[in-house]
Each structure stands twice: as structure tokens, then as C-alpha cells.
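Me: Could you take me through this structure slowly, feature by feature, giving me the general idea before the particular case?

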Amino acid sequence: MTHAAFRNPALTRRGFLGFAGGTAAALALSACTGSGPGGSANAIKFWDMPWGTTSYTAAAQKLTQAYKPTGSDLKATYQEIQWNNFTQTFASAVASKTGPAVSTGGGFQAFQYAQQGAIAYADDLLDTFKKNGIYDDFLPGVVEPFKMKDGYAAVPTQLDMRVWWYRKSILDEVGVELPTTWDEYLAAGKKLAAKGYYAFGTGAGAGNNIGAHSMIVMMINNGGGLFNAAGELDCVTDRNIEAMDFVKELVAAKIVDPGALAYTTDNLTSQWKSKKIAMGISTAGLNNDLGDTTGDVLVAQPMAGPHGDKGTLQFLNNIMMYTNTPSQASSEAFLTYWFQNYKTLWQQKVIPALPVLKSITELPEFQQSVQQAEVVKTWQPIGKTYAAQGTQLTPLLAAIDAGQALSDFTQTMLAGKTDSKTALASLETAIKALKS
Amino acid sequence: MTIGGTLQRQRGLTLGVLIVPSVFFLLLLNAYPVVYAAIQSLHQGSLIATGPFVGLANFTDVLTQASFWHAAGFTLVFTLVGVFGSWLVGLGFALVLNRYVPAGGVFKVLLLLPWVVPIVVSSTSWNWLVATPSSPLPQLWHLLGWGTPLFLADPTLAAVMVCVFKVWVSFPFMMMMTSSALASVDGTVYEAAAMDGAGRVQQFRHITMPLIARSTYISWILMTIFCVNDFPTIYLLTGGGPVDATTSLVVLAYRTVFQNFQTGPGVAIAFLMTAALVIVSVVLFRQIRKSAVE
């Protein structure tokens, strides 16, 4: 550039610098303004996870757009949030106060944000639900786990369960009856293993938490769990040791695939599809995930542990409200509308999760999903949360469910080389470190 | 003061002011995250709040944890194998392709594919290749009568697998770096050496290696940084398992922050990683200077 350029009256140095300064100021100001707390002046932001296929998102968005608020309540806008990096997405949004007024999310997310003072407790909303009948429509025991010291952190919207599945054709081929107790299961598993089938189909590789959930299922099935009835961390109990000894026995008898500890979700699905797995613990929608249309992959009945206990792990997916909202009344009004109308998601069959409202479980459209209806009927009544044998969910559970402590423990158990007591003690130490 | 001097000053002032926005945004984009991370490493916070000040407690906690030293050990192995493994393979291909090879350009493009293909795709392919007993590689092992290895379930084999995968992904970069260095070597030097009776090995040792040393050191520095900071290669293939066997420092930092939700210790791990990287880079940069002087 030459000096002549700066002598050009059309672009003086001062003029250019003034323009640049003005532009920078405008940019800075625009960066400081946002869409406001939890939405704009005339709408609240609803962030929803993709709980089903793209059809789910379209249906949920349509349901949100159909909301017609009354009085001074604000309408709602819908935003889908991908599961990839959702923790970071929510954290950065909540920290910068550009997050939603209402959202679904991770199972324990509400407890984490409640601890940080970012959650608007749902007590008033639940009072409204008690008046309009929604509260009595909830399946038993699904609301109470959300009660924290200062109030209800969230409201359950759907149910996710870990249940036993079996492939009927394999059991018929080997001549094995569906087991009803752990003893029967062990005997059946050995027969299946002798024919090259695995009766404890699982996986604990990158991103696959079915293995970790299966360990908790076995503990709960034996009357154990990570916590005692008082809600204190208590991993090294006789019941847990017994349950994990049983898992070790399964590993030793080759009832568990030796490679399972490294199986990703895709690997595990592939093993189910290629008919290597005869039985296993999985999500409530396994038959749909495998694309089974022949009725070969079926939900098993709950088995009794050595002391007669029955039980499994359930996750209560939920919806939460944030303190960063343009109008708390509007957040609650929208959620009331949502609960009164979201049965349409099951009627349209766009959501694979199980409903938490009895009225939705009774819908003919849901009852047509025979296996899922069976899960609600036979497994939900014995479902317990991660807090078992306690009942109250806590922020710590987020770190346990997503964290490395449980993953390492699961891989250790599936490797079958460490004694159960030592492995459980390590798990307890690792969880205590999370608490600190 | 002369007119020229005034103009010079005005020009300097103008340029100085014009550079301010760039400096501002550079600071905003680079310094701010680093400063904020430094603050986080000194606090016991969460993902959305800074939390109470704890001084250097996060660093001392991290440095006294066995998991940190285990991850540091694996990071060292992963980096050494990643850097020198990919360099050796890359150098080999570069030397071959430096001579006349029919359709050499096509080969070069094909050899670049591991570097070009998105890591998510290649890690999925490798998982398909080795994960289950019915995967192609274990099947091949079985057919050869070598049993059915658990490539990702056995801690040692998983560590080997991750390192081999890293070499496979990285050698094209080394090949390109070395190829460009070899192309700049004057062919007459070899002719002169041959006339003086130098054999192939002597030529390689005393001519090729010294002449490409500068480029080699730079590629080592870059690959060291790539390896130490490599999250997806490990995380997508093994998730750091089985039982932490393939957990590197960057994977440990990620898990600590985003899975255990312990922001302070996680960021402290990242800072310690950065410090180690700076030391290694400085040592290698000194080597570059030395090689330039020689």
C-alpha cells in the first residue's frame, strides 16, 4: 500500500479508523445481546433430545408448535439437541445463560444443574398435575426419585429399562427351557455354551454401557445395589459379592463371550443378529433394534436370585425446567400442555421408549408393541434406579453412569480374573473419589 | 521534523492501530481459553461454575494418582511408536517412491488415504476388522492355527492394536514430509558420492539422512504433538480400555472432565500434558538449530 492510498479523500485515515471502531463496537454490542433468558420476549425455549428417529423430532416439533398459550403465557420454540457432546452443549449454554427454559436431557442432568442452582424445582407443576389428574396417571414409583432436599428436580417423561431377552429358536434348538431362577439359568447357560451360544450377551467396549448396566441388574436382582437403603454408598456387601461371584462363574463357564468386554454397541448388535447370543440383558427395545419381525427375540420373565429376589435397573428419562426462563409460569403451562398431549408420540409410534403414564400404556397403539407392553407389565413393577437399594437420585449418579469407575469395574468382572470383593472395593473407592 | 518523518510516523501509527483488532481477536480466541482453563485448574468447579479456589491441589492430586502415571506411561509408548513407527514406514515409502515407480502418482494418492479418510470411518473399519471372533483378522489367525486372539479385549493386544492403528493413520503424513525433503536433495551429490565409492547404505547414512534431518525433526515435533493430543484414534477404537490399558493423558483428561465431571483435575491433566509437550518441542527445536548449523 502506498501513501497515496491514505491521501485519497474518499477514504481518509481518520474516516477509516472511525468506521472500523464503529463496526467493532457494533459487533461487541451485538455479541453482548442474546435471545435473553431461556428464550425471547415472546417465547420460551424447549430443547429436546432425539428420543426416536427423525419422525420423532418432526412430531415433537409439531406438538410444540401446536401449543397455543392462554393469557400472558408465552409460546414455545422447539430445538433438537444431538446426543453427541450434549453434556458440553448444555453446560456451555447454561453457563452463558443462553440455555433453554425447559429441556429433556441426560437421566441425571437435572440433579447436576439443581446442585448448581440452575434448575427451577417442579413442585408447583406437580401440584398442578395433582389437580388435573396427571399425577395419578404416573406409573407407581416414578416421580418420587426426583425429590431432592429443596424440591423435585424434574418430572419423568419416559421409562428406559434393562430386561432379559432370549432368542426362542436357539433355546428350542438346544432344548433349553426359559430359566426362572439363577440356578436354572446357570444350567441352561452351560448347555447353550456347549453348543457355541452365549447366554449372557453383553458388551462393555467404547461407548457401550450395556455391560455396566448388566452388572447393576445382577446386583439388584440379588437384593443388592451400589447404595444401601439409607442412600449411602455401600458396594462391598454380601449380596453384591454373591452376584459378582455368579458373574465370574458365568465368565469361567464361557457363558459370556470372552471378547464382550471390548464390544461396542454395534459389535453387540452384530452378535445378536448373527445368532451367537441366546440370552442377554438389554434395553426394552432390543427386538426393534435388531429388526426382528419373526417374533424370535422375546422378553424373558424376571428370574429369581438365590434368595428369591427379583429386580432390574430402570432409568427415568425426564423433563426439567431452568431458573433462566423469561417466565416460570409459561414454562409450567407449556409442560402441562406437553404432558396432556404427548401421547400422540406413542400413537404415531415415533418413540421407542416406554411411557410413564398409565393411560399411554393402555393405548391400543402401545399395546400393539407386544414385547414393550410386556416389559411395562412384568418388569416395571420390579424396576429400581441406580440409587438402589436407596430411592433418591443424586447428582453423583451422573458421574457413576457416565464415568470410568463403573466401566473399569465391568471390564474387570468380564475379564474374570479379579475376585469380586476386591473389584467391588475398587469400585467403591473410585466412586468415593468422584464424590470428593 | 521533516514531512517524510511525519508521514512515516503517521503510517506507523495507522498500521499499529490497524493491527489492534487482529491482536484483540487473537487474544480473545487463544489467550482467553488458556487463562480461563488456568483458572479452572486452580478451582474445584463444575462444567457451569468455577467453584472454590483450591490452589495447586488439583495438580498435586493428579500427580499422586496411579491412573495419571499409567496414562502418562501409555501416552509415552503411544507417542514413541506413533512417531517413529509412522516415520519409518513413511520414510520407506518415500524412498521407494523417490525412485522411478510406474504409476507412482497413483500409489502416492492411494497411500495418502489413511490420512485423508475421516478417523471415525477408519476406526469403524478397524473395529470391524478385529473386534469379534468372527471378524476377518481373528478368522485369519484362526485359519493359520494361531488361535482366536481377542485383539481389543486383551489389554496388551489392545494397546498394540491402538499403536498399529496410529502408525497406519499417520505414515502418509510422514511420507509426504520425507518425500518433499528428498525431492530437494540434489541428485549430483549422490553421483559424486558414487564416484568416490560410497555404497547405497553409506549414501543413505551420510548424505540422505543429514540432508533431510531438518525436515525429519520438524515432522517428529508435529507428530509428537499429534500423538499426545490424539483423542479420537484411541477413544473410538477402545474407549481407553480394556480396564484403562489404552487410556492416554488426553483420554484421561476428557473422562475426568466430561464423564466424572471433575473440571479442575481434568484441566490440570491437560496443563501437565502441555508442559510436557513444550519441553519435548524445545528439545527438538534445538536439534533443528543444530542440524542447520552443521
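Reply: Let us begin with helix packing, bearing in mind throughout that this is a predicted model. Two packed helices are described by the angle between their axes and the distance between the axes. Here the axes of helix α9 (residues 182-194) of chain A and helix α11 (residues 238-252) of chain A come within 11 Å and cross at roughly 15°.

Me: What does a crossing of roughly 15° say about how α9(A) and α11(A) are oriented?

Reply: Angles under 35 degrees count as roughly parallel, and α9(A) and α11(A) are therefore roughly parallel to each other. As to its hand, the crossing of α9(A) and α11(A) is right-handed.

Me: Which residues of α9(A) and α11(A) meet?

Reply: On the side of α9(A) they are W182(A), Y185(A) and L186(A), which meet A243(A), F246(A), E249(A) and L250(A) of α11(A). Sorted by class, this contact of α9(A) with α11(A) comprises six nonpolar residues, no polar ones and one charged residue.

Me: How does α11(A) cross helix α21 of chain A?

Reply: The same two descriptors, angle and distance, serve for packed helices in general. The axes of α11(A) and helix α21 (residues 420-435) of chain A come within 9 Å, with a crossing of roughly 120°. That angle lies outside the parallel, antiparallel and perpendicular ranges, and α11(A) and α21(A) are therefore oblique to each other. From α11(A), the residues N240(A), I241(A), M244(A), D245(A) and K248(A) make the contact, and from α21(A) the residues S420(A), K421(A) and L424(A). In this contact of α11(A) with α21(A), three residues are nonpolar, two polar and three charged.

Me: Turning to the two chains, how much area do chain A and chain B bury between them?

Reply: The size of an interface is often given as the accessible area lost when the parts come together. For chain A and chain B the buried area is about 2,900 Å², 61% of it on carbon and sulfur atoms. In terms of residues, 37 of chain A are in contact with 35 of chain B.

Me: How many salt bridges are found across the interface of chain A and chain B, and how many does the structure hold over all chains?

Reply: Across the interface of chain A and chain B the rule finds zero salt bridges, while over all chains the structure holds eight. One of them joins R167(A) to D296(A), with the closest N and O atoms 3.0 Å apart. This pair links distant parts of the chain, 129 residues apart, R167(A) lying in strand β8 (residues 155-167) of chain A and D296(A) in the loop between α13 (286-289) and β10 (297-299) of chain A.

Conventions
Residues are numbered from 1 along each chain as its sequence is written. Chains are lettered from A and ligands numbered from 1 in the order in which they are written. This is a predicted model: local features need pLDDT of at least 70, side-chain atom pairs count only at pLDDT 80 or more; totals for chains, interfaces and linings use all residues. Side-chain values use heavy atoms; hydrogens and water are left out. Axes are lines fitted to C-alpha atoms, for helices over the stretch in contact, and angles run from 0 to 180 degrees between N-to-C directions. Helices (H or I, at least four residues) and strands (E, at least two) are DSSP runs, numbered from the N terminus. Angles under 35 degrees count as roughly parallel, over 145 as roughly antiparallel, 65 to 115 as roughly perpendicular and the rest as oblique. A crossing is left-handed if the near helix is turned anticlockwise from the far one by less than a right angle, and right-handed if clockwise. Contact means heavy atoms within 4.5 Å. Ala, Val, Leu, Ile, Met, Phe, Trp, Tyr, Cys and Pro count as nonpolar, Asp, Glu, Lys and Arg as charged, and the others, Gly among them, as polar. Buried area is the accessible area (1.4 Å probe) that two parts lose on being put together, summed over both. A salt bridge is a side-chain nitrogen of Lys or Arg within 4 Å of a carboxyl oxygen of Asp or Glu.
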